[in-house]
Amino acid sequence: QCLMSCPTGALTEREYIHEVWKAIDDPDRQVVVQTAPAIQVTLGEEFGMPVGTVVTGKMVSALRRIGFDTVFSTEFAADLTIMEEAHELLERLEGKGDLPLISSCSPGWVKFCEHYYPEFLDNLSTCKSPQEMLGALVKSYYAEKEGLDPARLVTVAVMPCTAKKFEAARPELVSREGRRDVDFVLTTREVARMIRQAGIDLETLEDGEFDRPLGIATGAGVIFAATGGVMEAAIRTAYALTEGEEMARVDFKAVRGLNGVRLAEVHLRGRTLKLAVAHGTRNARRLLEQIKAGAEYHFLEIMGCPGGCIGGGGQPILGAGRRELAQEYRRKRAEALYSIDLKRELRRAHENPAVRKLYEEYLGHPLSDKAKELLHTTYTPRGRYPRRRTEEAARLH
Ligand code: SF4
C-alpha cells in the first residue's frame with residue numbers, strides 16, 4: 001500500500017504530535033480537529049478491538065478529552081466535494097472541460113498523476129480534497145460565523161495516510177492571506193498514540209457527537225473512504241441534479257468491491273455515461289493506459305491505496321504483511337463504512353442541510369467564484385520520480 005503513498009515523498013514526512021500538543025496547551029489558540037471518514041472504522045484496532053469495529057462516538061469523545069476545542073468531520077466536506085464535483089461533471093459533459101473527469105481527493109493518486117501521467121492533469125477534477133476544503137472553510141466561513149480570528153485558529157486533520165501531510169503543505173493550498181488550509185496532519189496511528197499518551201481508555205468512553213455545522217454529514221460522505229465510494233456518492237447526486245428526481249435505489253453496488261478496476265454505466269439525461277473505478281497505482285496505470293489506447297470513459301475514480309483510504313499507509317497495520325489477511329481487513333473495514341451509510345437518515349450529499357446552508361449563506365452556488373476561490377485548486381507536472389527514491393520507498397515497506 002505504501003508505495004502508493006510514497007510517490008508523494010510521504011515516507012520522509014515527519015509527525016506533528018509535539019506541535020499539536022503545544023497548540024492544544026496554548027490558551028491563545030483555538031484548535032479545530034477534523035477526522036476523515038476512514039478513521040472511525042480503523043482506530044479501534046489500535047486499542048485491540050476487532051477489525052471493522054465502528055468507534056465514531058468514542059473517537060469524538062477521545063479527541064475532546066485530549067483537548068481539541070472543536071471536533072468536525074471531514075465527511076461534511078466530502079458531501080461538499082460531491083456537490084462541486086457533480087456540477088463539474090455536468091459542465092464537462094456540456095463541453096466545458098476535458099473528459100473523462102477524474103477524481104482528485106486522493107493526494108497519493110494526484111501526485112502519482114503529476115509525476116507519471118501529466119497528460120491527464122487537465123482531466124483531474126479541480127476540487128480540493130475534503131481535508132483541504134474543510135480546513136479552508138474553518139478559517140473563512142466558520143471563523144466569520146463565530147467571530148473568531150483566523151490567525152488564532154489551528155487546524156488539525158486526522159487522516160489515513162502520510163500523503164495528506166504532503167498535500168497540506170502544497171503551496172497551491174495556501175490562501176491569499178498566506179494561511180495553510182490545514183496546519184497539521186496526524187495519521188490514525190499517531191492520533192492513537194496521543195490518545196494513549198493522554199491515558200484515555202477508548203473502549204470505555206461514552207459516545208460524543210461532532211460539532212456543528214461542519215460536523216454534519218450524510219452517508220455519501222462516509223463511503224468516500226472505500227474504493228468506489230466517491231463514484232457512488234457522485235452518481236447519487238449527479239442523477240438527482242440531471243433527472244430532477246432521486247435514483248430509485250440509493251446503493252450503486254456496481255462500483256463497490258475490491259476488484260482492481262471496476263466498470264459501470266449510468267443513464268443520465270438520455271445518454272449513457274461510462275464509469276470506471278481503480279485503486280492502487282498498478283490498477284491506475286492499467287486504466288490510464290487503456291484510455292491512452294482509445295478506451296472512452298466519462299468519469300473515473302482513482303484512489304492511491306489498495307482498497308482506498310481504509311487501506312491507507314497511516315492506518316493500523318493491515319494483516320501484519322500477509323496479503324490475504326490484509327485483503328480481509330480491507331473488506332471488513334469497507335463493510336463497516338457501508339453499515340454506517342445504511343444507518344444514516346440522509347444518504348445523498350445534496351440532502352446535507354449544513355451544506356445547503358453554506359451555499360445559501362456564503363458560497364452562493366456550486367462552482368461560484370467564491371466556491372472556486374476556496375474549494376478548488378490547480379496541479380503541477382513534476383517530471384518522473386527518481387527511480388532511486390521509489391526503490392528506497394519499496395525497501396522501507
Ligand atoms: Fe491517502 Fe486515501 Fe489517497 Fe491512500 S487513497 S493516498 S489513504 S487519500
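**A parallel sheet, its helices and its aromatic pairs**

In this predicted model, four strands come together in an open sheet, arranged in the order β2-β1-β4-β5 and paired in parallel. The two edge positions are taken by β2 (70–73) and β5 (184–187); each has a single partner strand, so one side of each is left without a neighbour in the sheet. From one strand to the next, the twist averages 25°.

A look at one pairing helps to make the sheet concrete. Strand β1 (residues 30–35) and strand β4 (residues 153–159) run parallel and are joined by six bridges. Within this pairing, Gln-30 stands opposite Leu-153 in β4. Helix α6 (residues 130–146) packs on the sheet, where it touches β1, β2, β4 and β5, and its direction makes about 155° with that of β4. Another helix, α2 (residues 17–25), lies across β1, β4 and β5 and runs at about 120° to β5.

Helix α3 (residues 56–66) is mostly covered, with nine of its eleven residues buried. Among them are Thr-56, Gly-57, Lys-58 and Met-59, as well as Ile-66. What do the buried residues of α3 pack against? Their partners are α2, β1, β2, α8 (188–197) and α12 (323–343), so the list includes both helices and strands. Just after α3 comes Gly-67, whose phi is positive, near 125°.

Aromatic side chains offer another way to follow the fold. The count of aromatic pairs comes to seven. One of these is formed by Phe-72 and Tyr-142, an edge-to-face pair with 5.0 Å centre to centre and 90° between the planes. This pair links distant parts of the chain, since Phe-72 belongs to strand β2 and Tyr-142 to helix α6, 70 residues apart. Are these two residues buried or exposed? Phe-72 has a relative accessible area of 0% and is buried, and Tyr-142, with a relative accessible area of 7%, is buried too.

Helix α6 also contributes to a second pair, formed by Tyr-141 and Tyr-362. Their ring centres are 5.2 Å apart and their planes stand at 50°, so this pair is tilted. Again distant parts of the chain are linked: Tyr-141 sits in helix α6 and Tyr-362 in helix α13 (residues 353–363), 221 residues apart. Tyr-141 counts as buried at 4% relative accessibility, and Tyr-362 counts as buried at 15%. Elsewhere, one aromatic cluster is formed by Trp-109, Phe-112, Tyr-116, Tyr-117 and Phe-120.

Beyond α13, the chain reaches Ser-368, which lies in the loop between α13 and α14 (369–375). Although Ser-368 is in a loop, it counts as buried, because its relative accessibility is 6% and the cut-off for burial is under 20%. The C-alpha atoms of Ser-368 and Glu-84 are separated by 9.5 Å, while the two residues are 284 residues apart along the chain.

Finally, the model holds a ligand. Which residues surround the ligand? The shell includes Ser-106, Pro-107 and Gly-108, then Pro-160, Cys-161 and Lys-164. Also surrounding the ligand are Met-303, Gly-304, Cys-305, Gly-308, Cys-309 and Gly-312. By character, the residues of this shell divide into six nonpolar, five polar and one charged.

How values were computed. Residues numbered from 1 in each chain as written. Predicted model: local features only at pLDDT ≥ 70, side-chain atom pairs only at ≥ 80, totals over all residues. Heavy atoms only, no water. Near = heavy atom within 4 Å. Nonpolar A, V, L, I, M, F, W, Y, C, P; charged D, E, K, R; others polar. Pairing = 2+ DSSP bridges. Axes fitted to C-alpha atoms, helices over the stretch in contact; angles between N-to-C directions. Contact = heavy atoms within 4.5 Å. Phe/Tyr/Trp six-rings, centres within 6.5 Å; stacked < 30°, edge-to-face > 60°. Buried < 20%, exposed > 50% of the residue type's maximum accessible area, 1.4 Å probe, protein only.
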